[in-house]
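Here are my notes on the model you sent, set out as numbered points. Please read them with the structure open.

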Amino acid sequence: MPKIAIDTTIVENKSITDDVKELIVYAPKIAQQAVPGQFVHIKIATGEPLLRRPLSISNVNVEAGTLSLIYRIVGKGTAYLANLRTNDEVNCLGPLGNGFDLTCERPLLVGGGMGTAPLIFLAQRLNPRTTTVLMGGRNKAEMFWQPMYEGLAKEIHITTDDGSMGTKGFTVSALPELVKANQFDRIFVCGPHVMMEAVAKFAKEHEIPCQVSLEKYMACGIGACLSCTCVNKLGDKRKKVCTDGPVFWAEEVL
Amino acid sequence: MLSSETMLEIDIAGIKMKNPIMTGSGTFGFGEEYSDFVDLNKIGAVVVKGTTLLPRCGNDGVRIAETPSGMLNCIGLENPGVEHFLSDILPRLKKYDVPIIVNVSGNTVEEYGQLAKILDVYGIAAVELNVSCPNVKEGGIVFGTNRDSAAAVVREVKRNTSKPVIIKLSPNVTDIADMAVAVEEAGADAISMINTLIGMVIDVDTWKPVLGNITGGLSGPAVKPVAVRMVWQVAQVVKIPIIGMGGIMTAEDAIEFFLAGASAVAIGTANFVNPSAVEDVAKGIQEYLVKKKLTHVSQLIGQLKVNK
Ligand SMILES: Cc1cc2nc3c(=O)[nH]c(=O)nc-3n(C[C@H](O)[C@H](O)[C@H](O)COP(=O)(O)OP(=O)(O)OC[C@H]3O[C@@H](n4cnc5c(N)ncnc54)[C@H](O)[C@@H]3O)c2cc1C
Ligand SMILES: Cc1cc2nc3c(=O)[nH]c(=O)nc-3n(C[C@H](O)[C@H](O)[C@H](O)COP(=O)(O)O)c2cc1C
Ligand code: FES
């Protein structure tokens, strides 16, 4: 599947919360080929910032030829992105990386923070399988995801660090009960590194195959610069997060 | 006769290229990574990732940081080693009609010689010596910042290979012209310049360096004026061809290097921003030549007009 870099325009750039936005870009070829877990590398038309920014594909609309990217404004690049409007130009490079392995029957999706974004696309492609989603965040304000999973999951469980929504605590503390009540044959997790480590450890103890999605600083996004490599637990050659991942089997990288 | 095909053709130290646009080592992988975006058969030469005698896993921690109009990197020469390159990668690259230049790094003068000897095989057009690495035997001084050790590396490599030898100069020196003269006298066939400028970025929240290796090499548009100046200075004092690089994003950037005295150029960081940069720059130079009613790119080399 060839990767492409296209000059395209923004269909919409709408606010979800104070610091989270959803960018809809027109990229029909990428939308058609993309699979859950893949990302695009976005370059805005101005010179600065110099480098592209990687964003997960949080959903696609194949008919409309659009990609949805949900991002938090954390620095210069995402702040520039947040200022863009409908019809502004961006260059979109993708689809990049390897997606999730969908060969499972009863999946559990665990999302933390912005890691919950790519799991929307995943939940959609897992249909009509019975899917459970567990999502965690710091507080209620961060838990705006539920409507986006409408109709995609059998059940949605929520944890917040401060207890302002759902169960108080981390996602991993909700796992024992969920696993007791369901026969999961796969856990997909995307979120902060510590959370993925904890979930992967739990999955291993319960012998449930687990896939994680890693984040690293990226320059090229296509396997050329080696800025994104990580230790490979199963061999001596390091793995490139941008092309070997970002999705890995947990035991490969954690 | 002077079709659009031939107006960019050049010969650098015996390496025949369809155009004077090469790739910067470490920014273009082994070439294959870019095959969705550029026709490798249309590139002047592919300079592959820095290769060492043994495989290296590179530096831990954060490896890149963006800076105003540039970036720092401290990849740490992660590479699969020269034997793997020859057995697994080179055979695949041979199907392309493009000169392959191998960028090499050693810990000692002898290692550079060994690498050059191992790489003196069919399918490789030249070696490029990355001397921006510490000399283990000499207490870690960087080969490329000392005229005697840089010259020693060139002499050792020349003894061990039949291929053209390109030496890549470090800009982290007091007198770049003096370095250039030293490596030319030692027998280098061409000079490429510049490698990255050492820099650092500090996180003011944590008071820690952003990069895992503390310091890293600066590249991108931010370094271009320095690179152009250095190419110009070196062009005054050597006869061997210069491959200019440092911050080239567009054809106009490349043309500055030709005017300053470079016979070819390499594209580095720009590949990360625009994966078809190499082809786009070549196309742009051709258009520029037509617009200026010139028939060959060589008519630009060293043509800077300095009013005295
Ligand atoms: C494969 C992949 C998919 C991603 N998907 C999403 C997504 O769907 N939604 C989303 O909001 N973010 C996502 N990210 C993270 C996103 O790329 C960064 O937040 C963004 O590049 C920050 O750019 P900036 O210029 O705004 O911030 P900078 O000014 O560069 O940095 C601001 C802060 O963000 C952190 N940061 C910057 N880049 C990264 C990075 N690549 N990974 C982790 N932390 C980083 C820095 O440590 C710093 O604290 C993804 C990253 C990767 C590698
Ligand atoms: C990520 C990265 C890796 C690099 N690796 C190497 C290397 O292995 N060997 C080398 O000689 N130069 C290496 N360089 C330097 C480039 O080849 C080039 O000299 C420099 O980046 C300046 O050009 P630019 O501004 O166009 O990138 C690297 C540069 C970057 C950005
Ligand atoms: S970002 Fe360049 S190799 Fe992964």
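1. Which residue has a side-chain N or O atom 3.0 Å from a nitrogen atom of ligand 1? In this predicted model, the residue is A:Glu215. A second contact to a nitrogen atom of ligand 1 involves A:Lys216, whose polar backbone atom is 3.3 Å away, while an oxygen atom of ligand 1 has a backbone N or O atom of A:Arg72 at 2.9 Å. Ligand 1 on its own would expose 860 Å², and the protein buries 75% of that area.

2. The surroundings of ligand 1 comprise 18 residues, of which A:Arg53, A:Pro54, A:Gly77, A:Thr78 and A:Tyr217 come nearest. In terms of secondary structure, strand E4 (53-56), strand E6 (66-72) and helix H2 (76-83) of chain A each contribute at least two residues to this shell, and E4(A) gives the largest share, with four residues. By class, the shell holds nine nonpolar, four polar and five charged residues.

3. Ligand 2 is surrounded by 22 residues, the closest being B:Ser25, B:Lys168, B:Gly220, B:Gly247 and B:Thr269. The shell is made up of 16 polar, four nonpolar and two charged residues.

4. Oxygen atoms of ligand 2 also have side-chain partners in chain B: an N or O atom in the side chain of B:Lys168 is 2.7 Å from one such oxygen, an N or O atom in the side chain of B:Asn103 is 2.9 Å from an oxygen of the ligand, and a polar side-chain atom of B:Asn195 lies at 3.4 Å from an oxygen of the ligand. Of the 610 Å² that ligand 2 exposes when taken alone, the protein buries 98%.

5. Turning to the interface, 26 residues of chain A are in contact with 29 residues of chain B, and the two chains bury about 2300 Å² between them, with 62% of that area on carbon and sulfur atoms. On the chain A side, A:Leu50, A:Leu226 and A:Arg238 together supply 26% of the area that chain A buries against chain B, which is more than any other three residues supply.

6. What polar and charged pairing accompanies this interface? Three salt bridges are found across it, and A:Arg238 takes part in a salt bridge with B:Glu78, their side chains meeting at 3.6 Å from N to O. Ten residue pairs are in polar contact between chain A and chain B, both residues of each pair being at pLDDT 80 or more. The side of chain A that touches chain B consists of 16 nonpolar, three polar and seven charged residues.

Terms used:
Residues numbered from 1 in each chain as written. Chains lettered and ligands numbered in written order. Predicted model: local features only at pLDDT ≥ 70, side-chain atom pairs only at ≥ 80, totals over all residues. Heavy atoms only, no water. Contact = heavy atoms within 4.5 Å. Buried area = accessible area lost by both parts, 1.4 Å probe. Salt bridge = Lys/Arg side-chain N within 4 Å of Asp/Glu carboxyl O. Polar contact = N/O pair within 3.5 Å; in protein donor to acceptor, adjacent residues only side chain to side chain. Nonpolar A, V, L, I, M, F, W, Y, C, P; charged D, E, K, R; others polar. Near = heavy atom within 4 Å. Areas by Shrake-Rupley, 256 points an atom, 1.4 Å probe, with all protein chains shown as cover.
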